[in-house]
Amino acid sequence: MDTINISLPSQLKAQADALIDQGHYASFSDIVRSALRTLISELRYSAMVREAHRDHAKGKTIVLNNTAD
């Protein structure tokens, strides 16, 4: 596992510390890993949505109107 150093505004660090104190995360590293996983997932989902919109605009999709479709 790699180790990195980051700089944070005091308020953001305090909010992260509060999450740890409240038992939501075991450590600051856990928070960062979780946040990065979430960000990566959201970016991938957004890319898929954009691609679906482009495909629909190009007429490459069909619209399902009911469960029989």
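**Reading a predicted model**

Guide: Start with one residue. Phenylalanine 28 has a relative accessibility of 24%, so it counts as partly exposed. Keep in mind that this is a predicted model.

Visitor: Where does phenylalanine 28 lie?

Guide: Phenylalanine 28 lies in helix 2. That helix runs over 28-57.

Visitor: How far apart are the C-alpha atoms of phenylalanine 28 and aspartate 17?

Guide: They are separated by 7.4 Å. Along the chain, the two residues are 11 apart.

Visitor: How do I read a salt bridge?

Guide: Begin with the general idea. Side chains of opposite charge can pair when their charged atoms come close. Now take this structure.

Visitor: How many salt bridges does a search of the whole structure find?

Guide: Two. One of them joins aspartate 17 to lysine 13. Their closest N and O atoms are 2.6 Å apart. The cut-off is 4 Å, so this pair qualifies.

Visitor: Where do aspartate 17 and lysine 13 sit along the chain?

Guide: Both are in helix 1. They are four residues apart, which is about one turn of the helix.

Visitor: Are aspartate 17 and lysine 13 buried or exposed?

Guide: In between. Aspartate 17 is partly exposed, at 28% relative accessibility. Lysine 13 is partly exposed too, with a relative accessible area of 36%.

Visitor: Which side chain does arginine 33 meet in a salt bridge?

Guide: That of aspartate 30, at 2.4 Å from N to O. These two residues are three apart in helix 2, so about one helical turn separates them.

Visitor: How accessible are arginine 33 and aspartate 30?

Guide: Arginine 33 has 29% relative accessibility and counts as partly exposed. Aspartate 30 has 25% and also counts as partly exposed.

Visitor: How should I read a pocket?

Guide: Take the volume, then the lining. The largest pocket has a volume of about 310 Å³.

Visitor: Which residues line the largest pocket?

Guide: From the start of the chain come Met1, Asp2, Thr3, Ile4, Asn5 and Ile6. The lining also includes Phe28, Ser29, Val32, Arg33 and Leu36. You have met two of these already: phenylalanine 28 lies in helix 2, and arginine 33 pairs with aspartate 30.

Visitor: How do the residues of the lining divide?

Guide: Six are nonpolar, three are polar and two are charged.

Visitor: What about a surface patch? Which residues make the nonpolar one?

Guide: Ile4, Ile6, Leu8 and Leu12 make a nonpolar surface patch of about 380 Å². Ile4 and Ile6 are also among the residues lining the largest pocket.

Visitor: Where is leucine 8 found, and how accessible is it?

Guide: Leucine 8 is in the segment before helix 1, which spans 10-21. Its relative accessible area is 33%, so it is partly exposed. A patch residue needs over 30%, so leucine 8 passes that cut-off.

Visitor: Which residues count as exposed?

Guide: Alanine 26 is one of them, with a relative accessible area of 66%. Its place is in the loop between helix 1 and helix 2. Aspartate 21, in helix 1, also counts as exposed, at 67%.

Visitor: And how do I read a separation along the chain against one in space?

Guide: Put two numbers side by side. Alanine 26 and lysine 60 are 34 residues apart along the chain, and their C-alpha atoms are separated by 47 Å. Aspartate 21 and valine 63 are 42 residues apart, with 49 Å between their C-alpha atoms.

Definitions and conventions. Residues numbered from 1 in each chain as written. Predicted model: local features only at pLDDT ≥ 70, side-chain atom pairs only at ≥ 80, totals over all residues. Heavy atoms only, no water. Patch = residues over 30% accessible without salt bridge, like charges linked within 9 Å, V, L, I, M, F, W, Y side chains within 5 Å. Areas by Shrake-Rupley, 256 points an atom, 1.4 Å probe, with all protein chains shown as cover. Buried < 20%, exposed > 50% of the residue type's maximum accessible area, 1.4 Å probe, protein only. 1 Å grid on protein atoms, 1.4 Å probe; cavity = no way out; pocket = protein on both sides within 12 Å on 5 of 7 lines; lining within 4 Å. Points joined across faces, edges and corners; volume = space filled by probe spheres on them. Nonpolar A, V, L, I, M, F, W, Y, C, P; charged D, E, K, R; others polar.
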